[in-house]
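User: Could you take a close look at one part of this predicted model for me? I'd like to hear what one helix packs against, and then how the rest fits around that.

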Amino acid sequence: MMTYDCIIVGSGPAGLGAAFRLSDLKPDLRILMIDKEKLCTGGLRHDCKMNFTYPVGFPMDCWTGKQAKHYLPMVIERLKPEFMQRVDMETYNKRAERLGVSLLDIRQSHLGTDGGLELIRRLMDELTDRNVEVSLEEKVNDIDPAARRVITSRREIGYRDLILAPGRGGFRFLQRAMAKAAIPFLDNVVDIGIRVETREERFSIVRDYYDPKFNFPHRVRTFCTNSGAAYVVREHYETRDGRKYYSVNGHAYSSSCSRNDMVNFALLKTVTLTEPLASGQDFAEMLGCQAMLLGGNKPIMQRVGDFRLGKRSEAKTFNRDLYDFEPTLPDCTAGDISLAMPAKILKPIWSAMKMLDTIVPGVMHPGTIMYYPEIKLYANKPRFIDEYFKAAENIYLVGDGAGTSRGITGAWASGIRAAEGIVN
Ligand SMILES: Cc1cc2nc3c(=O)[nH]c(=O)nc-3n(C[C@H](O)[C@H](O)[C@H](O)COP(=O)(O)OP(=O)(O)OC[C@H]3O[C@@H](n4cnc5c(N)ncnc54)[C@H](O)[C@@H]3O)c2cc1C
């Protein structure tokens, strides 16, 4: 059986951050990075918008501002972002503050889908030059902490230290691994919401601030705004018991999109479950399946004008004619999102829409489309035993799947922290 100094599961930003930092600190270490896909699957590959200001992407239960400030320059050094300008922030801020809304001033860069692919290729080449072994299309099925080995789709491999960075998609794998290593964890927080799509001229703030981060009351926020060859996509997910559902998302800067006049963004509400403690993942998946039931196995879309009148949308109005633009994700069911969304989530989101329309007038045009569901499964919250995200002897858990990040830069910085823990 081959044995490595460190095995990293996942080649997303958390795994990459760990691999680069480990090889910086100890160039002689034998490092193996494994991914079940041909390319990493997360945000580096899809749209690649990067935020370099705390607390965006850095959950405050894992990061202080001081820690983020310490690690962010290392992330910048490796990712080499070109920062985008923000203008008229004072005006937007004043309008927001009057409503009890905050607008975060975030340093951002945006590569888009095509640019993200280029970045991944560059990083992979650099890793190979550093003698980090990368094994793609190899799935880690299980871990055996007592024997310090992982069992993959191809072989068994030994490790001295193990970093698990399987992302949100590896949520179940991580839960199994934590059970195996007797790591206690909580899974009680999810983000549920809608994706809003309209003409760019009706959300013109994107010309001043590419991905504006508004925080509304009741833990509602804007997330992942896209403009410039922007379009809405649906992503396929499967529940623990094999039921399928879609969550919507948004992309931009892709040569595969022929339109250049649209904008989309998510409005998400963070839901924290308390007593009696249920699984956040199960709850979110149940909502996803409910949306599929009502949407005939497709996401639901509704025009703002119909929602205001309390009536469902109909397929015939999704044209350029009556409402003046067609959806960029047409394969959805025209319907009524209020039938599928719990009131406790829908009400604050609708209220946030109205506030946003006061800050950036136009977004509530009757033609604006709301797609549902957009679901973000983040946090298995493991109990860490040190500040380097060590969760058990020789096992470190990082990235979105472990709740140590909520974005590319936070994930990368989490990987660096684990690497430093190993070397220390
Ligand atoms: C469609 C999409 C778009 C996004 N856009 C952005 C964005 O623009 N900006 C931003 O900051 N964030 C974005 N995000 C969020 C961002 O992707 C995550 O915050 C970040 O990628 C988390 O990094 P990670 O390394 O924890 O996980 P990931 O990037 O998800 O990487 C995990 C990797 O582990 C692999 N893996 C999982 N299980 C196993 C296993 N059992 N065996 C082997 N390999 C495994 C997966 O294939 C994957 O490549 C987006 C997410 C998605 C899904």
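Analyst: Let's go straight to the packing: the buried residues of α8 sit against α3 (89-98) and against the strands β10 (185-199), β11 (213-216), β12 (220-227) and β15 (262-272). Keep in mind that this is a predicted model. Who does the packing from the α8 side? The buried set is I345, I349, W350, A352, M353, L356 and I359. As for the helix itself, α8 covers residues 343-359, 17 in total. From first C-alpha to last, α8 reaches 24 Å, close to the 24 Å expected at 1.5 Å a residue.

Now zoom out a bit. Domain 2 takes in 189-376, while domain 1 is pieced together from 3-86, 109-185 and 381-423. Going by C-alpha atoms, the two domain centres are 29 Å apart. Where they meet, 13 residues of domain 1 contact 14 of domain 2. On the domain 1 side, α4 (112-129) and α5 (171-180) each chip in at least two residues, and α4 gives the most, with 4. By class, that side of domain 1 comes out as 5 charged, 5 polar and 3 nonpolar residues.

One more spot worth a look is strand β16 (residues 300-303). I300 and Q302 point one way from β16, M301 and R303 the other, and all are buried, the arginine included. β16 runs parallel to β17 (residues 333-334), with 2 bridges joining the pair. Within that pairing, M301 stands opposite A334 of β17.

Key:
Residues are numbered from 1 along each chain as its sequence is written. This is a predicted model: local features need pLDDT of at least 70, side-chain atom pairs count only at pLDDT 80 or more; totals for chains, interfaces and linings use all residues. Domain bounds come from an automatic or database domain assignment. Two residues are in contact if their C-beta atoms, placed from the backbone, lie within 7 Å. Ala, Val, Leu, Ile, Met, Phe, Trp, Tyr, Cys and Pro count as nonpolar, Asp, Glu, Lys and Arg as charged, and the others, Gly among them, as polar. The expected span of a helix is 1.5 Å times one less than its number of residues. A residue is buried if 20 or more other C-beta atoms lie within 10 Å of its own, exposed if 12 or fewer, and partly exposed in between; C-beta atoms are placed from the backbone. Two strands pair if DSSP finds at least two bridges between them.
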